[in-house]
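Grab a coffee and work through a few exercises on the model below. Try each task yourself before you read the solution.

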Amino acid sequence: MIWLLAIGIGASVSAGAYLAMSRDLLRCVVGISVLAAAANLVVLASGGARPASPPVIPEGLERLDAAAATPLPQALVLTAIVIGFSLTCFSLIVVLALKQRTGTSDAHDLRAAEPPPEDDGEPALERDPELELPPEDEGEPR
Amino acid sequence: MSEQPADPAPSRLGLLALVPLALFGLALWAYVSGALPLTAHVDWIPSLGISFGVHVDALSMLLVLLITGIGALVFVYAAGYSAGDPGRARLFGFLFAFMVAMLGCVTTDDLFVLFLFWEITSVLSFLLVGFKFGKEENRQSAQQALMITAGGGLALLAGVILLSRVAGTSSIQQLIATAPSWVDEPEVSGALICIFAGAFTKSAQVPFHFWLPGAMAAPTPVSTYLHSATMVKLGVYLLARLHPAFGELTLWQLTLVIVGAASSVWPMVLVFRERDLKRILAWSTVSALGTLVLLIGLPGPGAATATAAFLLAHALYKAPLFFAVGNVDHATGTRILDEIGGLGGRMRFTAAAAWMAGLSMAGVPLSFGYVAKDVIKIAKSDTDIFQWVTYASVFVSAASIAAAGVATVRVFWRRNTTRPAHAKEGPPTTWFPPLLLASLGMALGLFPGLVDPLLSDAAHAMGPAASLQGLRSDETASYVALGVTVVLGVSIFFAWDRIHRRQVRLPSPRALQASGWYAGMMKGIRRVASVATRSLSGGRLPVYVGTILAFALLAAGLLLARGGPTSAWPGFAFEADASSVVAAGALVFLVAASIGVCVVRDRFLMLLVSGLVGFSSALLFLALGAPDVAFTQLTVEVAFVVVLAALLLRVRRLSLGEPAPSPRGHRLLRAALALALGSTVAGLVLYGSRFSPDPALTEFFATRSVPEAYGRNVVNVILVDYRAVDTLGEIIVVTLTFLASLPLLRLLRRQRRAPRPPGETGLSDRAVMLDVAVRGIYPVMLVAAAVVLLRGHNEPGGGFIGGMIAVAATAALAVARGANAALERMPFGPQRLAVGSALLSLASGLPALFLGEPYMTHLWTTVPLGFTEYKLSTVLAFDLGVFGAVWGALGGLAARMIGLDERTTGPAATERPLEPERAETDPATTDTAAIDTAAIDPVPTTRPAESRS
């Protein structure tokens with residue numbers, strides 16, 4: 001069973017990583033959500049990968065059966081799934097909004113925050129006229 | 001300062017001088033009444049042994065008196081100097097802050113606190129040098145001063161840390177007391193080199209000397225106060241302060257003597273290049289500081305006394321000279337030597353002050369400068385090992401005489417045909433301070449006994465010292481030496497211009513200029529930063545993600561490599577029981593989906609396949625005995641696919657555009673990195689399976705759930721009870737995500753009014769069958785959600801799963817009947833539902849507080865219901881909050897995302913979807929919509945992002 005899980009985790013981590021490194025922002029988002037799914041599997045695997053009964057205490061008993069699955073990782077993964085969904089939706093909306101503002105979803109074209117260096121090798125600066133210093137005053141008058 | 005017809009009244013800010021004056025009086029009183037040493041102790045960071053310890057002995061007192069006394073005069077002077085200057089409040093503010101920092105620096109007993117104040121003085125020096133920041137040149141000078149002194153300050157911090165580690169204390173007094181036991185440790189040398197770097201940069205010693213003349217860009221009160229009388233003496237003070245601990249070390253003595261001698265001689269060579277009076281004085285200050293450093297390094301009882309005496313003498317003559325130059329500048333508008341002369345008749349008080357200060361600087365008998373130089377000479381002659389020092393000092397003294405002559409005789413008495421006609425004396429606030437200081441210098445020259453006790457006491461703080469009077473010599477030899485020096489100095493004075501012309505003609509190789517090194521270093525820093533930025537931060541997202549993943553691979557790989565051989569991994573085993581078969585099936589799906597999602601080019605297909613990854617992991621969860629997780633994942637996938645399907649049409653309409661495919665090499669590299677990461681993580685999972693999780697935790701939940709939390713579904717019990725605060729945080733995150741996406745969604749909706757390209761169909765052309773089916777299913781799903789919620793505590797289910805079922809129902813409704821229809825059916829509306837539910841969860845933990853229990857301890861009560869009973873609890877309120885938050889936030893999010901596809905907004909849309917839309921066939925409507933969009937959209941979609949790359 002652990003081997004099955006490990007193979008599944010390996011495959012989904014690889015797929016998620018491959019997509020996350022894509023230039024296409026949509027693929028990037030999907031890649032991250034696949035990575036999140038893989039992470040959930042890893043957390044669950046940490047609880048012991050064996051076929052087990054659900055961690056529910058049957059009526060009449062006072063404690064959990066030893067054959068039941070470990071409950072804590074399940075609780076962690078459960079919330080992670082819901083949060084992952086909301087973040088994926090949010091990322092998709094951001095990609096759409098980016099596309100609308102800039103006209104592209106190619107990560108290589110999104111250079112507003114970090115423009116490519118200038119020809120002389122100096123790091124480029126986005127010139128913001130509001131940030132320019134006012135014209136110099138004459139200093140100490142003579 | 002330009003010449004003004006009528007001087008404006010001195011600034012009232014000059015009244016600030018009363019503060020240092022009061023402090024001066026207080027300090028003097030404390031000294032005279034014999035209260036020294038004053039000590040106090042306030043713990044600051046006890047864990048690091050750092051305290052605001054205060055220790056004021058005579059050495060500190062000497063500095064305190066200089067700082068407050070000259071400070072008071074500087075405030076008075078600045079009141080007249082800066083009269084009418086709009087920036088005067090800033091000037092006074094900085095000066096006052098500087099004075100406080102200086103006082104902190106010289107009175108503290110803790111090296112870390114000293115460092116703190118030390119750096120504050122560097123920063124204030126930066127602000128004051130760049131006071132007239134309108135000039136590029138001044139900004140450069142300020143930056144240079146900061147880079148060097150603050151850089152040295154960092155070295156000082158390193159030295160202090162090293163020293164306090166070796167010595168086990170950062171208190172200066174304890175350091176001195178315990179020094180013999182650790183001073184021979186090898187680390188001490190490293191610490192000393194760092195401390196030297198700090199002291200030498202602050203006191204402008206060779207090779208860091210060049211910043212001080214640059215700092216003359218500051219206004220005159222600043223140059224007087226910071227860059228001659230006090231701040232630049234901090235380095236000297238620190239060395240003097242630590243001298244008792246390290247004075248016996250060869251490294252200490254040798255470094256101080258060599259650097260001090262070089263710093264006293266070299267500036268007096270460079271000074272001939274200058275024509276600016278202030279810069280000439282600055283070079284002579286560097287030389288004086290060099291002399292002080294040299295004196296500290298010299299052995300013998302006279303050296304310490306000479307240090308203290310010269311410290312005072314220098315302050316008493318250099319400050320008036322700076323004041324005088326400031327007055328000349330104010331009166332004539334220039335400080336260039338060739339443009340001024342013969343001002344004595346017009347500026348009598350300034351001239352008198354300069355005259356007395358100049359005598360003291362030249363070391364003429366009857367001035368306090370003479371007393372100090374006399375003691376210095378004796379201190380130097382005490383040491384026969386440094387014979388050459390004596391010869392060097394003759395030159396330095398002679399050059400000082402010449403410089404003093406230039407600053408006084410030339411300016412005030414030598415005839416000069418080009419002298420400005422309008423020069424006149426400024427208000428009393430500008431000539432009184434220099435006159436007072438210079439007279440004091442003369443008075444102390446006549447009666448050195450007045451300060452003898454203070455100076456001897458200060459010298460005692462540095463080591464064995466003699467009294468001033470006991471050291472004075474009246475030998476003929478000393479007069480002969482004085483005569484030689486004076487003759488030499490007068491010759492240099494008359495030859496000043498000739499030497500200047502010769503020296504500026506000399507070639508000056510850049511390699512010999514420390515300022516050239518500095519400029520090269522600054523350029524180098526920029527270049528390195530530029531190269532590093534370009535290579536590490538190229539602005540390309542895939543590279544960033546790749547770098548992060550590569551580091552993750554490295555970390556995981558290291559972990560795996562340390563884990564031992566793969567033979568320790570569990571063997572491959574497969575038992576054909578029911579759940580293993582399910583798992584194997586799920587695995588096949590998972591691997592296929594993983595491969596598929598990477599190779600599919602079409603986006604729509606890719607998104608659907610990515611949903612398969614979720615579905616197959618849900619199956620895996622089921623096989624592993626995690627039904628709650630599996631159901632959550634399933635409902636999430638359902639909602640996700642529905643949202644995606646709706647969005648995809650939107651994406652197509654936006655013609656998201658495939659980016660140009662990456663080069664093959666890049667894709668191979670990505671694939672290699674991804675596969676390496678995947679297999680490493682898989683290896684880690686296998687390796688980790690050898691360790692079982694802490695059984696105590698499982699045991700805790702296994703045995704406590706029923707008796708303490710009255711719940712049989714342990715996963716739910718953990719979520720709503722034991723880890724309820726965690727869960728609360730998570731639903732708040734979900735709610736915030738929804739709220740954060742609302743503005744973006746609104747932006748997208750506005751854009752959405754763009755006409756649909758002809759021939760494209762959207763989900764709003766909805767099938768009647770779908771609509772009917774959803775109308776029937778929606779209430780059933782909501783009832784199911786409620787049941788799942790209510791039974792969740794004892795059987796699989798709970799707030800999260802129930803909430804997700806409701807989300808799926810809302811999404812389905814949004815697809816079939818439009819987003820607004822779906823949103824309207826959510827109680828209170830999505831925002832209020834989400835936020836209110838999160839608050840309900842938050843509040844459900846509060847009642848426990850009234851019973852004295854910790855937050856989120858749930859309360860239970862049993863409600864009889866006829867033949868049965870129901871256990872009512874705050875748990876239910878909490879889980880209801882979870883349910884509502886998930887439904888409100890994610891349902892709202894899903895419905896609005898689906899709603900992006902719709903053509904129109906407003907309530908009218910609710911009932912429209914069943915009708916086929918005609919809008920796109922009507923050209924008039926289309927045109928109006930297009931204009932509408934152009935008018936509303938604040939951001940043109942053709943932002944020049946592409947043109948940049």
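What follows is a set of exercises on this two-chain model, which is predicted.

**Exercise 1. Take stock of the two chains**

Count the helices and strands in chain A and in chain B, and find what share of each chain is buried.

*Solution.* Start with chain A: there are 3 helices and 0 strands. Read along the sequence, these give the pattern α-α-α. Of the 142 residues in chain A, 53% count as buried.

Now chain B, with its 37 helices and 6 strands. Here 949 residues are present, and 49% of them are buried.

Next, check how far apart in sequence the contacts reach, taking pairs at least 6 residues apart. In chain A, 47% of such contacts join residues at least 24 apart. In chain B, the share is 79%.

**Exercise 2. Look at where the chains meet**

Work out how many residues of chain B are in contact with chain A, and how the residues on that side of chain B divide by chemistry.

*Solution.* Pick out the residues in contact across the chains: 119 come from chain B and 99 from chain A. Then sort the chain B side, which gives 68 nonpolar, 36 polar and 15 charged residues.

**Exercise 3. One helix, two packing partners**

Describe how helix H14 (residues 348–362) of chain B packs against helix H17 (residues 428–446) of chain B, and then how H14(B) packs against helix H13 (residues 301–332) of chain B.

*Solution.* Take H17(B) as the opening partner. The axes of H14(B) and H17(B) are 8 Å apart, at an angle of about 35°, and the crossing is left-handed. On the H14(B) side, the contact residues include Phe349(B), Met356(B) and Ser360(B); on the H17(B) side, they include Trp431(B), Leu435(B) and Met442(B). Sorted by chemistry, this contact has 10 nonpolar, 5 polar and no charged residues.

Move on to H13(B). Its axis lies 9 Å from that of H14(B), and the angle is about 145°. This crossing, too, is left-handed. H13(B) contributes residues including Leu316(B), Tyr317(B) and Asn327(B), while H14(B) contributes residues including Thr350(B), Ala354(B) and Met361(B). The split here is 10 nonpolar, 3 polar and no charged.

To finish, compare the residue lists. Thr350(B), Ala353(B), Ala357(B) and Ser360(B) of H14(B) are listed for the contact with H17(B) and also for the contact with H13(B).

**Exercise 4. Check the length of a bent helix**

Test whether the end-to-end span of helix H31 (residues 768–791) of chain B agrees with its residue count, and find where H31(B) bends.

*Solution.* Count the residues: there are 24, which at 1.5 Å a residue should span 34 Å. The end C-alpha atoms are 35 Å apart, so the two values agree. Then follow the axis: H31(B) bends by about 30° at Ile777(B), and Pro779(B) follows within four residues.

Finally, look for the inward-facing part. Val774(B), Ala785(B), Val788(B) and Leu789(B) are buried. The buried residues of H31(B) pack against helix H32 (799–817) and helix H36 (874–899) of chain B. As a reminder for reading such lists, an α-helix has 3.6 residues a turn, so residues three or four places apart point the same way.

**Exercise 5. Buried or exposed?**

Classify helix H29 (residues 714–722) of chain B, Ala22(B), Ala204(B) and Leu366(B).

*Solution.* You'll need the cut-offs: 20 or more other C-beta atoms within 10 Å means buried, and 12 or fewer means exposed.

- H29(B): 9 of its 9 residues are buried, so this helix is largely enclosed by the rest of the structure. Among them are Asn716(B), Asp721(B) and Tyr722(B).
- Ala22(B): this residue of helix H1 (residues 18–32) of chain B has 12 other C-beta atoms within 10 Å, so it is exposed.
- Ala204(B): with 28 C-beta neighbours inside 10 Å, Ala204(B) is buried. Ala204(B) sits in the loop between H7 and H8 of chain B, and its phi is positive, near 55°.
- Leu366(B): 12 C-beta neighbours inside 10 Å make Leu366(B) exposed. Leu366(B) is in the loop between H14 and helix H15 (368–381) of chain B, with a positive phi near 80°.

**Exercise 6. Hunt for a cis peptide**

Which residues does the cis peptide bond with omega of about 5° join?

*Solution.* The bond joins Val206(B) and Pro207(B). To place it, find Pro207(B) in the loop between helix H7 (186–202) and helix H8 (211–214) of chain B.

Conventions: Residues are numbered from 1 along each chain as its sequence is written. Chains are lettered from A and ligands numbered from 1 in the order in which they are written. This is a predicted model: local features need pLDDT of at least 70, side-chain atom pairs count only at pLDDT 80 or more; totals for chains, interfaces and linings use all residues. Two residues are in contact if their C-beta atoms, placed from the backbone, lie within 7 Å. Ala, Val, Leu, Ile, Met, Phe, Trp, Tyr, Cys and Pro count as nonpolar, Asp, Glu, Lys and Arg as charged, and the others, Gly among them, as polar. Axes are lines fitted to C-alpha atoms, for helices over the stretch in contact, and angles run from 0 to 180 degrees between N-to-C directions. A crossing is left-handed if the near helix is turned anticlockwise from the far one by less than a right angle, and right-handed if clockwise. The expected span of a helix is 1.5 Å times one less than its number of residues. The bend at a residue is the angle between axes fitted to the seven residues ending there and the seven starting there.
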